Amino acid sequence: NPLETEELLEMLCPPVRNWFRDKFPDFTEPQKLAIPAIIDQEHLLLCSPTGSGKTLTAFLSIIDNLVRLSLEQKLEKKVHAIYISPIKALANDIQRNLIGPLKEITENYLPDRAQEIRVGLRTGDTSQSDRQKMLRKPPHILITTPESLAIAITSPRFQPIVSEVEYMIIDELHSMVSTKRGVHLSLTLSLLDTLLKNPVQ
């Protein structure tokens with residue numbers, strides 16, 4: 001059953017809760033069903049119409065967790081979450097559902113003492129220098145494509161920074177399920193499973 005708005009808001013930490021209240025009139029129905037399940041560390045397949053907030057739903061619980069760690073000075077040099085999309089043109093979606101919200105929460109709702117929450121993008125177009133920077137200073141949320149992730153996790157230098165990933169988001173899953181890309185991604189995730197210290201959600 002979907003949670004009531006106030007009950008769901010109370011599950012979020014104050015900075016994220018206040019940002020959401022100021023930004024949106026209410027949660028969508030899919031969000032009222034999915035966000036509590038994600039917070040409860042359940043695996044989830046979310047199918048809902050375009051515009052119902054699926055991507056933000058996936059990110060909101062992760063942002064909430066990272067903000068809590070940021071306030072407690074407990075963010076580590078590792079990737080906490082991986083977001084995989086088969087579409088290279090991620091810019092608008094990621095800006096609206098991740099970069100924008102993180103920037104607004106940081107600037108308006110977090111104290112100066114909070115740690116920076118970093119987001120990194122790795123695709124076939126990412127330069128070698130940017131990949132090296134990512135190894136030295138890993139993003140807390142990694143945005144990537146199936147093929148780029150497959151290449152990245154075969155690198156012995158990259159493996160340690162993803163060995164403690166907690167969240168895995170796979171977007172546009174329906175477009176890959178019946179294709180060779182879907183098979184390739186399944187193999188990549190199976191390989192990633194062998195590298196992880198703990199099961200991923």
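This is a short tour of a predicted model, stop by stop, with what to select at each one.

**Stop 1: the sheet**

Select the strands first. Four of them form an open sheet in the order S2-S3-S1-S4, and their pairing is parallel. The edges are strand S2 (119–122) and strand S4 (167–170), each of which pairs on one side only. On average, neighbouring strands of this sheet are turned by 15° against each other, direction ignored.

Now select residues 81–84, which are strand S1. S1 runs parallel to S4, and four bridges join the two. To find the register, show Ala 81: the residue opposite in S4 is Tyr 167. Next add residues 180–195, helix H9, which packs on the sheet and touches S1 and S4. The direction of H9 makes about 180° with that of S4.

**Stop 2: the S2 edge**

Go to S2 and add residues 141–144, strand S3. Here too the strands run parallel, joined by four bridges. Val 119 in S2 stands opposite Ile 141 in S3. Which residues of S2 lie on the covered face, and which on the uncovered one? Gly 120 and Arg 122 are on the covered face, while Val 119 and Leu 121 are on the uncovered face.

**Stop 3: Lys 78**

Select Lys 78, in the loop between H4 and S1. Is this lysine buried or exposed? Lys 78 has a relative accessible area of 10%, so it counts as buried, the cut-off being under 20%. Show side chains and look for Glu 164: a polar contact of 3.2 Å joins its side chain to that of Lys 78. Leaving out residues up to four places away in sequence, Lys 78 also touches others, including Pro 138, Pro 139, His 140, Ile 161 and Glu 166.

**Stop 4: Lys 54**

Another lysine, Lys 54, lies in helix H4, residues 54–71. Its relative accessibility is 28%, so Lys 54 counts as partly exposed. With residues up to four places away in sequence set aside, Lys 54 touches Leu 46, Ser 48 and Pro 49. If you draw a distance from the C-alpha of Lys 54 to the C-alpha of Pro 14, the value is 22 Å; the two residues are 40 apart in sequence.

**Stop 5: H2 against H4**

Keep H4 and add helix H2, residues 14–23. Two packed helices are described by the angle between their axes and the distance between the axes. The axes of H2 and H4 come within 8 Å and cross at roughly 140°. H2 is therefore oblique to H4.

Show the side chains where the two helices meet. From H2 come Pro 15, Val 16, Trp 19 and Phe 20; from H4 come Leu 56, Leu 60, Ile 63, Asp 64, Val 67 and Leu 71. By type, the residues of this contact are nine nonpolar, no polar and one charged.

**Stop 6: helix H3**

Last, select residues 29–39, helix H3. How many of its eleven residues are buried? Eight are, and the helix is mostly covered. The buried ones are Pro 30, Gln 31, Lys 32, Ala 34, Ile 35, Pro 36, Ala 37 and Ile 38. To see what covers them, turn on helix H1 (5–11), H2 and H4, which are among the covering elements. After H3 comes Gln 41, whose phi is positive, near 65°.

Note on methods:
Residues numbered from 1 in each chain as written. Predicted model: local features only at pLDDT ≥ 70, side-chain atom pairs only at ≥ 80, totals over all residues. Heavy atoms only, no water. Pairing = 2+ DSSP bridges. Axes fitted to C-alpha atoms, helices over the stretch in contact; angles between N-to-C directions. Contact = heavy atoms within 4.5 Å. Buried < 20%, exposed > 50% of the residue type's maximum accessible area, 1.4 Å probe, protein only. Parallel < 35°, antiparallel > 145°, perpendicular 65-115°, else oblique. Nonpolar A, V, L, I, M, F, W, Y, C, P; charged D, E, K, R; others polar. Polar contact = N/O pair within 3.5 Å; in protein donor to acceptor, adjacent residues only side chain to side chain.
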